[in-house]
Amino acid sequence: MVGTPLTTCFNRILLCAILLQVKESILSITFFILVFGFWEIRHRTSLRVMKEQRVDEVEDQISKLPEPILHHFMGLLLAKDAARMSTLSKTWYAAWSSLPYLNFGDRFFYREVHGRWILSENIQELVHIVDQTLANRKKHKISVQKFWLKVPSSYRMSSSYVHNWIKILVTSNIKELILKVGESDSSFDSLPEELFVAEGLNILNLRGFTLELPLHHGIKFSSLRNLRLTDTYLDEKLVQDLCASCVCLEKLRLSCCRGLASLQIAASLLKLKTVWLCCLPELQIVDIAAPYLENIYIESRLWNLQVVKITCSKSLKTLYIVDVYVTDGWLKDLLVNQPKLECLSLSGCLKLQTIKISSDRLKYLSLSWCLELIAVELETPNLTRFRCECDENLPTLKLMKASVFLVVELEFSLANILDSHWYSVLMKFLGNFKQSKAIKLDCCDKNGIVIPKHMRENLVPPLYGTNANWHIIFNTFGDCSLMDILDSLLWISPQLDTVTFVRESNLNSTLKFIYEDASAEGEKFRWRHKLKKIKMGNFTCMEQQELINYLFTNEDYIGEEASVSNR
């Protein structure tokens with residue numbers, strides 16, 4: 001065969017390979033072999049050209065690769081890019097013609113105009129391309145492992161095309177089907193009944209359709225492992241039958257779906273590990289009984305979800321609850337029945353008032369905008385991350401046990417004028433984190449973390465004796481200067497190790513403090529006296545000078561050998 005010149009071939013393949021964004025190690029190895037093979041071919045070609053031999057006499061080593069490897073390589077590309085590769089040689093054309101992975105992506109029917117993606121004017125031509133591609137697989141009885149396509153709504157393209165494609169894919173033993181409607185208007189009335197008898201289907205991801213219980217064949221998703229439905233109208237009986245028939249289901253995700261007032265996830269789903277329910281506007285009752293469930297994410301919409309029952313066995317590891325009216329009693333019962341829980345996140349749970357957790361398995365706890373929360377008590381020796389978001393009504397915290405690797409994330413949105421009560425509560429709150437590894441703080445009102453100097457005389461620094469690392473979100477300090485923030489932090493934590501100011505520019509500024517050994521008991525709160533060296537990083541010249549002036553204001557409090565350096 002007289003092939004494409006190898007130099008051009010190399011450049012095209014290499015460009016496609018760069019676009020792959022290879023993540024897994026086996027793909028990296030494949031990519032390395034291909035690139036190395038092309039380098040060797042190009043090198044040999046150069047030598048032969050020097051001997052005045054024809055390029056078309058050079059043997060195409062890539063064409064000798066087994067077809068499954070070529071399929072794997074092309075399957076990582078969008079279908080249109082894989083089709084372009086088919087022009088390189090007869091081998092690549094044959095690989096494309098039998099390619100079982102057809103990823104048309106989300107933009108096949110769209111084109112980019114000034115950075116925006118708009119619907120293409122050539123919809124019929126593009127429909128014809130999909131028709132021909134699938135017809136070719138049907139004719140040659142080629143199994144389609146994966147099909148991914150986002151289509152325009154029905155008022156722009158007839159739904160009969162989609163129905164026909166699905167029928168072909170089912171007869172081609174489809175394994176993974178991702179099909180989306182461009183506009184979220186649920187414009188397709190239904191899907192063909194043949195879809196529900198795709199016994200070989202492993203992954204089903206649909207968006208923008210109406211799903212109804214098939215009248216004749218029932219549901220036979222005996223191999224389905226992953227089901228994801230978005231912006232879809234669901235029939236409650238359909239969902240019940242899905243749970244009854246999908247015995248191999250491992251992941252269930254429903255987002256922004258309509259038609260469900262109640263949802264029961266049956267105990268018959270023995271392999272189900274993850275349930276994700278997000279923004280189901282009509283859903284009021286959820287009953288989850290799958291026995292080996294490990295991960296649950298439930299997000300209500302405008303607190304419409306009233307009842308959540310989790311009666312699965314003691315296997316739950318991760319639980320996220322967002323905008324659900326759960327109560328203190330509900331949470332207490334849940335924690336008793338789920339001793340393996342490692343990650344718990346409660347957000348917008350407006351009925352919660354007290355939380356008491358005693359667990360040696362819990363590693364992550366997040367409490368966000370539980371506005372009625374009054375008290376939190378934690379005995380969690382393996383807790384490595386604690387996150388709290390609230391307003392000025394900061395709950396009292398009693399952290400009895402936590403990991404020495406604990407990272408604390410605090411975010412305060414302060415709207416009211418702060419008084420001495422706020423600072424007193426804040427000091428008690430921070431005093432729980434003496435053994436923490438780092439503290440990340442984001443406060444919209446920087447006055448909230450600048451402790452008034454007159455209050456410092458009557459309070460003990462909450463983090464005295466702790467080499468704390470602080471990460472401060474640095475947007476704008478308003479009336480507070482950087483020096484005000486630093487001065488307050490050095491009082492809160494007199495043996496401060498590192499302060500990092502996280503800026504909007506993503507160029508973080510850091511201060512590293514190195515101390516002399518403490519000696520006199522009467523000087524334990526006077527950080528300057530023990531300060532030996534300060535290292536600065538990524539501050540402006542003006543900020544550096546201000547910091548130096550501040551740190552060396554009182555020579556009585558700082559050692560004569562203390563120095564400042566830039567990192």
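**Notes on the parallel strands, a helix pair and a salt bridge**

1. Let me start with one residue pair: glutamate 379 has lysine 401 as its bridge partner, and this lysine sits in β22. The coordinates you have are a predicted model, so please read everything below with that in mind. Strand β20, residues 375-379, pairs with β22 in the parallel sense, and five bridges join the two.

2. Stepping back from that pair, β20 and β22 belong to an open sheet of three strands, ordered β18-β20-β22, where the pairing is parallel. The edges are taken by β18 (354-358) and β22 (396-401); each has a single partner strand, so one side of each is left without a neighbour in the sheet. From one strand to the next, the twist averages 5°.

3. Another open sheet is worth a look: here three strands come in the order β11-β13-β15, again with parallel pairing. Its edge strands are β11 (262-265) and β15 (307-310), and because each has a single partner strand, one side of each lacks a neighbour in the sheet. Ignoring direction, neighbouring strands of this sheet are turned by 0° against each other on average.

4. Within that sheet, strand β13 (residues 285-288) is joined to β15 by four bridges, in the parallel sense. If you would like a residue pair to zoom in on, isoleucine 288 stands opposite isoleucine 310 in β15.

5. Next, follow strand β14, residues 295-299. It pairs with strand β12 (residues 274-278) over five bridges, in the parallel sense. Five bridges also join β14 to strand β16 (residues 318-322), and these two strands run parallel.

6. Which residue of β14 is the bridge partner of valine 275? It is isoleucine 296. That isoleucine 296 in turn has leucine 319 in β16 as a bridge partner, which makes isoleucine 296 a handy place to centre your view when tracing β14 and its pairings.

7. Turning to the helices, α3 (residues 67-75) packs with α5 (residues 90-97) at an angle of about 70°, and their axes are 10 Å apart. The two helices are therefore roughly perpendicular to each other; the range that counts as such is 65 to 115 degrees. On the α3 side the contact is made by Glu67, Leu70, His71, Phe73 and Met74, which meet Thr91, Trp92, Ala94, Ala95 and Trp96 of α5. By class, this contact has seven nonpolar residues, two polar ones and one charged one.

8. How many salt bridges does a search of the whole structure find? The count is 13. In one salt bridge, the side chains of arginine 111 and glutamate 121 meet at 2.5 Å, N to O. Arginine 111 belongs to strand β2 (residues 110-113), while glutamate 121 lies in the loop between β3 (116-119) and α6 (123-139), so the pair ties together parts that are ten residues apart in sequence.

9. Finally, a friendly word on confidence. The protein chain has a mean pLDDT of 83, with 82% of its residues at 70 or more. Over residues 1-36, however, the pLDDT is below 50, and the model gives this stretch 44 contacts beyond near neighbours in sequence. Residues 50-59 also stay under 50 in pLDDT, and for them the model has twelve contacts beyond four places in sequence.

Note on methods. Residues are numbered from 1 along each chain as its sequence is written. This is a predicted model: local features need pLDDT of at least 70, side-chain atom pairs count only at pLDDT 80 or more; totals for chains, interfaces and linings use all residues. Side-chain values use heavy atoms; hydrogens and water are left out. Axes are lines fitted to C-alpha atoms, for helices over the stretch in contact, and angles run from 0 to 180 degrees between N-to-C directions. Angles under 35 degrees count as roughly parallel, over 145 as roughly antiparallel, 65 to 115 as roughly perpendicular and the rest as oblique. Contact means heavy atoms within 4.5 Å. Ala, Val, Leu, Ile, Met, Phe, Trp, Tyr, Cys and Pro count as nonpolar, Asp, Glu, Lys and Arg as charged, and the others, Gly among them, as polar. Two strands pair if DSSP finds at least two bridges between them. pLDDT is the predictor's confidence in each residue, from 0 to 100. A salt bridge is a side-chain nitrogen of Lys or Arg within 4 Å of a carboxyl oxygen of Asp or Glu.
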